[in-house]
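Subject: Structure for your review

Dear colleague,

Please find below the structure that I am handing over to you. My notes on the findings come after it, and I would be grateful if you could read them alongside the coordinates.

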Amino acid sequence: DKGEFSMTRRLQFKVDLIHGPIFQSLLFFAIPLFFSNVFQQLYNTVDTMIVGHALGDLSLAAIGSCAAIYDLLIGFALGIGNGLAIVTARSYGANDTELLKKSVAASIVIGLLTSLVLTVGAEVILMPLLKMLDTPPEIIAEAFSYISVITRFTLVMFAYNLCAGLLRAIGNSFMPLVFLVLSSCLNIGLDLFFITQLHMGVGGAAVATVIAQGISVVLCLIYILKKAPVLIPQRRHFKIERGIYAEMLGQGLSMGFMGSIVAAGSVVLQYGINNLGTLVIAGHTAARKLFMFFNMPFSAMAMAISTFVSQNRGADQRTRILKAMRCAVLYDIAMAAGVTVILLLFAPALVQLISGSQEAVVLNNGALYLRVVGPFYAVLGVLLETRYALQGLGAKMIPLVSSVIELLGKIVFAFVFIPRFQYLAVIFCEPVIWCLMTAQLIYAYAAHPYIRGEKGKAELSV
């Protein structure tokens with residue numbers, strides 16, 4: 001066991017989050033996460049660009065109309081994967097090989113069962129949900145052909161996320177990026193082939209996404225088998241122990257439900273957007289793709305904070321956690337200022353690049369959305385980092401409360417403000433909600449017993 005830990009700690013590209021310089025370690029760990037997010041987003045954005053340019057505004061709207069459903073179904077599985085990896089990171093920080101391997105084994109079991117349930121459930125609810133969201137009749141068939149392929153392969157999405165999460169838990173955020181770059185390039189080639197040569201429509205984009213992510217899963221598994229033996233459980237580690245499964249399920253389901261509640265809010269918001277017409281949907285779809293790209297520096301730092309806090313919580317390094325959070329806030333402010341300037345100058349051109357549209361409604365609405373949201377990236381960054389820090393500390397319910405705030409806020413906007421103020425209400429919906437959520441999370445973080453110094457090292461036995 002000690003040999004496996006020693007080998008893993010000597011892995012190339014590993015960042016020492018427990019002993020290294022705080023901001024430098026965070027930044028070096030976050031940079032591969034940022035590029036991983038970029039290439040992960042390329043799966044969907046390249047689909048959007050090729051569909052928009054090759055198939056037109058209606059097909060672009062079809063993908064946009066089911067984006068919230070994708071987030072709802074897949075977000076739950078991905079949230080569970082991230083939650084499970086937090087427990088592994090804590091075990092790694094505590095230098096507990098046996099507990100680490102048990103956490104990996106439990107992650108595999110829980111992940112397989114969760115993926116199966118989501119896949120079966122999606123087959124039943126997809127079309128009724130599209131109809132319930134008032135998806136325009138002229139695009140509902142295309143929307144279903146895209147989202148149904150994605151959800152039938154939930155296991156592939158979950159498997160990559162879990163493998164990447166486990167590597168990040170032991171400090172390696174670089175290799176998942178390498179595998180993702182390779183599979184993203186494959187995705188682009190398959191998109192072009194399936195859509196422009198085989199004329200498979202938006203369904204071809206979904207098939208390309210699944211195949212490319214499957215390749216990244218295979219590459220991750222090969223690397224773990226050869227270079228990260230500490231992550232390989234043996235048969236005895238699969239023995240179900242009530243304590244560890246309770247902890248793993250609690251942490252995993254907490255993040256899973258958080259992701260699904262957030263996505264449920266997006267589904268409700270999409271209901272309001274779908275009633276504004278296909279051109280508005282197309283403009284919002286392009287703007288959201290760009291929003292996700294510019295959010296990547298913030299989400300990458302939040303993911304780095306998650307692993308940093310988890311490892312340092314396991315090693316009982318409270319002071320490092322406090323300093324890391326202060327560094328992250330300053331980072332958010334600086335990054336948000338840069339993003340705001342870029343969006344003020346180039347938003348219309350960027351929307352046109354993504355959508356391929358010449359329609360004024362598409363371009364103007366998309367650009368306005370980005371310009372208003374730009375300054376609020378600083379708030380969103382603090383929100384994400386505080387939420388992930390609380391999860392790294394072991395808090396399960398507090399992040400769920402913030403997700404409920406988001407869901408309730410989106411319900412109010414969808415049924416009260418959007419009918420009255422149209423797309424302008426869509427633009428201001430999330431910034432207003434982010435401010436409320438951030439206030440709640442900062443209070444919860446400051447009041448946490450470990451942060452206040454009222455608790456010593458937590459028991460890592462789960």
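The notes that follow deal with two helices, the spaces inside the structure, and several individual residues. Please keep in mind throughout that this is a predicted model.

Helix H5

Helix H5 runs over residues 97–132 and contains 36 residues. The distance from its first C-alpha to its last is 48 Å, close to the 52 Å expected at 1.5 Å a residue. H5 has a kink of about 45 degrees at Ile125, and the proline Pro128 comes shortly after that point.

At the start of H5, a side-chain oxygen of Asp96 comes to within 3.4 Å of the backbone nitrogen of Glu98. After H5 comes Asp134, with a positive phi near 60 degrees.

Glu98 and its contacts

Glu98 itself belongs to helix H5. Its relative accessible area is 26%, and since partly exposed covers the range between 20% and 50%, Glu98 is placed in that class. Two polar contacts of the Glu98 side chain deserve mention. One is with the side chain of Arg236, at 3.2 Å, and another is with the side chain of His237, at 3.1 Å. Glu98 also lies 9.2 Å from Val230, C-alpha to C-alpha, although 132 residues separate the two in sequence.

The largest pocket

The largest pocket holds about 320 Å³ of space. Its lining consists of 17 residues, of which Ile108, Leu162, Cys163, Leu166 and Leu221 are the closest to the centre. Two or more lining residues come from each of H5, helix H7 (154–169) and helix H9 (202–227). H7 makes the greatest contribution to this lining, with six residues. In terms of class, the lining has 16 nonpolar residues and one polar residue, and no charged residue is found in it.

Helix H7

H7 therefore merits a closer look, given that it gives the most to the pocket lining and that its length can be checked against expectation. Its 16 residues should span 22 Å at 1.5 Å a residue, and its end C-alpha atoms are indeed 22 Å apart, so the two values agree. H7 is mostly covered, with 15 of its 16 residues buried. Gly171 follows H7 and has a positive phi, near 95 degrees.

The cavities

Two cavities of 30 Å³ or more are present in the structure. The second largest cavity holds about 140 Å³ of space. Its lining is made up of Asn82, Ala85, Ile86, Ala89, Gly165, Arg168, Ala169, Met255, Met303, Ser306, Thr307 and Tyr388. Helix H4 (67–93), H7 and helix H11 (278–314) each provide at least two of these residues. H4 gives the most, with four residues. By class, the lining of this cavity comprises seven nonpolar, four polar and one charged residue.

Residues in the loops

Three loop residues may also be of interest to you. Asn95 sits in the loop between H4 and H5. It is not a glycine, yet its phi is positive, near 60 degrees. The relative accessibility of Asn95 is 48%, which lies below the 50% that exposed residues must exceed, so Asn95 counts as partly exposed.

Gln422 is located in the loop between helix H15 (397–421) and helix H16 (423–447). Its phi is likewise positive, at about 55 degrees, although Gln422 is not a glycine. With a relative accessibility of 40%, Gln422 counts as partly exposed.

Pro137 occupies a position in the loop between H5 and helix H6 (140–152). Its relative accessible area is 71%, and because exposed means over 50%, Pro137 is classed as exposed. The C-alpha atoms of Pro137 and Ala94 are 55 Å apart, and the two residues are separated by 43 residues along the chain.

Yours sincerely

Conventions: Residues numbered from 1 in each chain as written. Predicted model: local features only at pLDDT ≥ 70, side-chain atom pairs only at ≥ 80, totals over all residues. Heavy atoms only, no water. Expected span 1.5 Å × (residues − 1). Bend = angle between axes of the 7 residues up to and from the residue. Polar contact = N/O pair within 3.5 Å; in protein donor to acceptor, adjacent residues only side chain to side chain. 1 Å grid on protein atoms, 1.4 Å probe; cavity = no way out; pocket = protein on both sides within 12 Å on 5 of 7 lines; lining within 4 Å. Points joined across faces, edges and corners; volume = space filled by probe spheres on them. Nonpolar A, V, L, I, M, F, W, Y, C, P; charged D, E, K, R; others polar. Buried < 20%, exposed > 50% of the residue type's maximum accessible area, 1.4 Å probe, protein only.
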